[in-house]
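Hello,

Here is the structure I promised to pass on. Please open it next to this email; my notes follow below.

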Amino acid sequence: MQGVNRPLVIRHARIVASPDANPVEDGTIVIRNGLIEMVGPGTPDLEPAEEISGEGLTAVPGFWNCHVHFTEPKWRVAVREAAPRLEHHLREMLTRWGFTTVVDAGSDPRVTVRIRHRVEAGEVAGPRIYTAGTGLYPPHGLPYYLAGSIPFWWRPFIPQPSTPSKAEKAVDRNLAQGAELVKLFTGSYVARGQVKAMPLAVATAAVARAHDYRVPVFSHPSNLEGTEVAVQAGVDVLAHPPDITEGVGEDLLRRMVGQGMGLIPTLKMFETTVSRREEYLEPIRSVVHEFQGLGGELLFGTDVGYMTDYSTEEEFRALARAGVDGRGILRMLTQGPAARFHVSASAGTLAPGRRGDLVLLEGDPLKDAEAFARVRTTVRNGRVLYPGRSAEA
Ligand SMILES: [Zn+2]
């Protein structure tokens, strides 16, 4: 733990303060009371509580993962366990990969809100957590791949609204339980290869209700129809590209871009949980590539929690393959999501007065995308989250 007023100082790092900034060689970052006090060249004379050498490392703003889930059975157990146990799980899935902020795109809020509470109380070292609470599904539209893992007694609590007013109530209930975003399955895989769309009036009502509270809406679209419902309802972010890409053409992508919609590629998830066949993957990469080429905003997210392999390396490799360059990847990890969640004034870049959230990487991520996965140290609010300080570190 750092002292009350003595800072955490990182010296001799190469600093990339934002996606558009020129790198500063041999720079210093000073974080005091959780906020960045100084970032730039030079070596100020200070008496730090803790000093980290950035020799040979690149410092970038703390990463966001805009698509995670706290749904594995271990979270339900860990939330009641001693701090080191919960911290260990948070480190394995998130902080060791550089994530200082994560967006939970659907889970049991009774679990996720408690994890967040323990983190924010300072008892457990972990990332900032935004949660969607429970996702909203089409009527009789639970995904086949979840159906087996949802206990029967919990099913009545999973909203599958059939009318606009039921959709509004489901949104209200989620927000009352602590959610800060809404997740809609505008296209739900009710069986392998078979998608059920959410009725447009239901999706529209849910989005309008969320927007009344300035809360963003994420959607799982699956195919053309699910994407159309999302676009027409005014959804803010597609949590995945549609993976049945038939009919998804430039016109639709232009409308998405025109509405300011964000897109989370989750390319590794498709690769590792659906199919590695190029005939399947290539059209999804093309959607990502074309969307970005039209000026669309990509946000970084991996769907970990649903995907049990937590490494980010393959996602960065796949993004590079889809034509996203190093600065583009840095933007989707930092500044983009901070703007989307209306916290640009405090997060997303390294600058005086901003939160002390940063990652030290081995290598140069602007030249080699896989360097984004080579995390040496993760700091949030001036506290070192990885490598941790507990016995397991
Ligand atoms: Zn997901």
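**Zinc site**

Three protein residues donate to the zinc ion: His67 through NE2, His69 through NE2 and Asp303 through OD, at 2.0 to 2.3 Å from the metal. Please keep in mind that this is a predicted model. Along the chain, the donors follow the spacing H-x1-H-x233-D.

Are the two histidines buried or exposed? The cut-off for buried is under 20% relative accessible area. His67 has 1% relative accessibility, so His67 counts as buried. His69 has 10%, so His69 counts as buried too.

**Thr266**

Thr266 sits in the loop between strand E14 (262-263) and helix H9. Its relative accessible area is 0%, so Thr266 is buried. Which residues does Thr266 contact, leaving aside neighbours within four places in sequence? Two zinc donors are on the list: His67 and Asp303. The others are Ala239, His240, Pro241, Gly301, Thr302 and Glu315.

**Largest pocket**

The largest pocket has a volume of about 1,000 Å³. It is lined by 44 residues, and those closest to its centre are Thr71, Tyr145, Leu146, Ser149 and Tyr306. Three helices each give two or more residues to this lining: H1 (73-78), H4 (144-147) and H9 (267-274). Which element gives the most? That is H9, with four residues. By class, the lining of the pocket holds 22 nonpolar, 15 polar and seven charged residues.

**Domains**

The domain assignment splits the protein chain in two. Domain 1 covers 8-60 + 350-386, and domain 2 covers 61-340. Their C-alpha centres lie 29 Å apart. How many residues are in contact between the domains? On the domain 1 side there are 28, and they touch 32 residues of domain 2.

**Helix H12**

Helix H12 spans residues 326-333. Six of its eight residues are buried, so H12 is largely enclosed by the rest of the structure. The buried residues are Gly326, Gly328, Ile329, Leu330, Met332 and Leu333. What do they pack against? Four strands and two helices are involved:

- strands E5 (57-61), E6 (63-68), E7 (99-104) and E15 (297-298)
- helices H11 (313-321) and H13 (335-340)

For a first look, start at the zinc donors, His67, His69 and Asp303. Then go to Thr266, which is in contact with His67 and Asp303. From there, follow H9 to the lining of the largest pocket.

Best wishes

Key. Residues numbered from 1 in each chain as written. Predicted model: local features only at pLDDT ≥ 70, side-chain atom pairs only at ≥ 80, totals over all residues. Heavy atoms only, no water. Donors = N, O, S within 2.8 Å, 3.2 Å for Na, K, Ca; no water. Buried < 20%, exposed > 50% of the residue type's maximum accessible area, 1.4 Å probe, protein only. 1 Å grid on protein atoms, 1.4 Å probe; cavity = no way out; pocket = protein on both sides within 12 Å on 5 of 7 lines; lining within 4 Å. Points joined across faces, edges and corners; volume = space filled by probe spheres on them. Nonpolar A, V, L, I, M, F, W, Y, C, P; charged D, E, K, R; others polar. Domains from an automatic or database assignment. Contact = heavy atoms within 4.5 Å.
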